[in-house]
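Here is my note on the model you passed along, arranged as numbered points. Please read it with the sequence and the coordinates open beside you.

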Amino acid sequence: MRFAFYGRCSTEDAQDPDSSRGWQLRQAGQLIAAVDGEVVKEYFDVGQSRSLPWKRRPRATELLVDLEDPGRGWSELVIGEPQRAFYGPQFSLTFPLLTHYGVNLWVPEVGGRVDPGSEAHDMVMSLFGGMSKAERMRIQTRVKSSMFALAETTGRHLGGRPPYGYRLDDAGPHPNPAKASMGQRLHRLEPYPVTAPTVVEIFEMYVAGYGLRAIAQALTDKGAPSPSEYDRRRNPHRDPRGWGHSAVRAILKNPVYTGVRMWGKQEKFERLIDPNDVAMGYQTRMRWRDRDMWVAPANRTHEPIVDDELFLAAQHRLQARAKPDTTRPRTANRRYPLSGRLSCGLCGFRMIADYRPPKSANASPMIRYRSRLRSDRAVPEGLEGHPGNIYLHQDLVMASVDRWLSTELNDPAWIAAASGPDEAEAARIEALQESLTALERKIANLVSAVEGSDDAPEILISQLSARSLERDHLKSEITRLAARQTMAAEDVQELIDHVGGLASALERATDDEKADLYQELGLSLTYEPLAHQLRAELLPWDEIQKSVRGGT
């Protein structure tokens, strides 16, 4: 019997993915050995939480797609542990698909094949899904409670990057002997001589009557390192030029500078991705908790940078100048196709999407992208002539981009050449080859041990069988990846003709579909406001990045 294997290892497990895959595969192999089963295809998700539905796990999604292929090469599916494969109601949502396509599910805890007509099997699998959910919730509650207790009773740093103005200092060995033996140590916050004076200057200027914009500009003009500039390793995604007004406000509101580390200022919460499709699962978001719910320690946890009197004076002024919340409620999760892909040619900053609701029932909403350097941050040297606001309408941009793409991507030979295996796939093949080499050494050692013993222990024979099975799976996966062929130019031309031309396909595509397309192509846009020109580049693959195709 030909089997496919599914397993999962998340970052929450603190496990080595190779060892996790190994023991799950070994359990699956022991289960199907009684029926002379052979695993011919592996689907193993790494770094994916169990709470994610199968449709949002990359390898599980690939498995679901392969179900529809009659020539997939396997008719049975085996898993090593149901708690890792199914969470909550996921079994009841996935098992009918397997049954529909004639695939039997094999689970060690059931002792073999799951019978679609057995109430006992259905109850057992649903129980394991509930146990998986309860285990995750229990771990979350336990960790959260222990962190709150530590926040109230200890002065050590509880994780995360140090706030601007501080750095981490050694605070001795870890109290857990096992972690201490591994070299882990505690840390505490201490003022950083390079940035701590800037924090004091911010508070003093604000209490003296300066506004956020004036403070940010003064710090930029004098060359004081901004949070994203002094620590580039942790902020490679942020532009280091100048101070943002929000950075100044965040420093003024943070009580950490008085020597008190507050905990629990934000919390995670989960919400349905699509209320009309509960099977899509939840997405995790962060939200601010009310200030009276923050956890404060009984004593100061580190050396303060500003005194209590100066901090309170700044808080009084912030409260006095606070404006009523006029933020429009979000009625929907909108996805902007050009978000993160359109930059201003003058300042280099990303242009932000600006949504304007329709003014009447028959009107359409207006979506613009704006570059508002002066409104968001101080003006760095050399950008003094940047206009206050630069706007660009989405409809005009996308019409130009789609026309350009329909011309650039209408070359079947270019698309065929660009559709080959990427660098990540080559790296995966190399990693599999290294695993295969290491596995061959282990098998050779086991063979020597078995042959050198007149009465080899059963455990050695079992390990040799399991290792040999793993070797066969690795070889099969390497062969499959290495044999992947690129599309021929004729096949691409046939696909283009089938959709009626790229221009027609782009015209019918939704905003979400275009956003996915732009992302896959690596579309990068730069708007030159003085010349009223839009420069477009495609940066999808390393080979293309060496000779970028662009247009204006």
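1. In which helix of the protein chain is confidence lowest, and in which is it highest? The model is a predicted one, and its confidence is lowest in helix α20 (residues 542-545), where the mean is 39, whereas helix α7 (residues 196-207) has the highest value, at 94. For the protein chain overall the mean pLDDT is 79, with 82% of the residues reaching 70 or more.

2. A stretch to treat with caution is residues 540-552, over which pLDDT stays under 50, although the model has 27 contacts beyond four places in sequence for these residues. Where pLDDT is low, the predicted coordinates should not be read in detail. I would apply that reservation to helix α20 (residues 542-545), with its mean of 39.

3. Turning to helix packing, α7 and α10 pack with their axes 10 Å apart and at an angle of about 90°, and the two helices are therefore roughly perpendicular to each other. On the α7 side the contact is made by Val199, Ile202, Phe203 and Tyr206, and on the α10 side by Val248, Ile251 and Leu252. Sorted by class, the residues of the contact of α7 with α10 comprise seven nonpolar, no polar and no charged ones.

4. Helix α10 (residues 245-253) also meets helix α8 (residues 212-222), the two axes coming within 9 Å and crossing at roughly 105°. Because angles of 65 to 115 degrees count as roughly perpendicular, α8 is described as roughly perpendicular to α10. Leu212, Arg213, Ile215 and Ala216 of α8 make this contact with His245, Val248, Arg249 and Leu252 of α10. By class, the residues in the contact of α8 with α10 divide into five nonpolar, one polar and two charged. Val248 and Leu252 of α10 thus appear in the contact with α8 and also in the contact with α7.

5. Among the strands, there is an open sheet of three, in the order β11-β12-β13 and with antiparallel pairing. Its edge strands, each pairing on one side only, are β11 (352-356) and β13 (390-393). On average, and with direction ignored, neighbouring strands of this sheet are turned by 35° against each other.

6. Within that sheet, β11 pairs with strand β12 (residues 366-371) in the antiparallel sense, over five bridges. Aspartate 354 stands opposite arginine 368, the latter lying in β12.

How values were computed. Residues numbered from 1 in each chain as written. Predicted model: local features only at pLDDT ≥ 70, side-chain atom pairs only at ≥ 80, totals over all residues. Heavy atoms only, no water. Axes fitted to C-alpha atoms, helices over the stretch in contact; angles between N-to-C directions. Helix = DSSP H or I, 4+ residues; strand = E, 2+ residues; numbered from the N terminus. Parallel < 35°, antiparallel > 145°, perpendicular 65-115°, else oblique. Contact = heavy atoms within 4.5 Å. Nonpolar A, V, L, I, M, F, W, Y, C, P; charged D, E, K, R; others polar. Pairing = 2+ DSSP bridges. pLDDT = per-residue confidence, 0-100.
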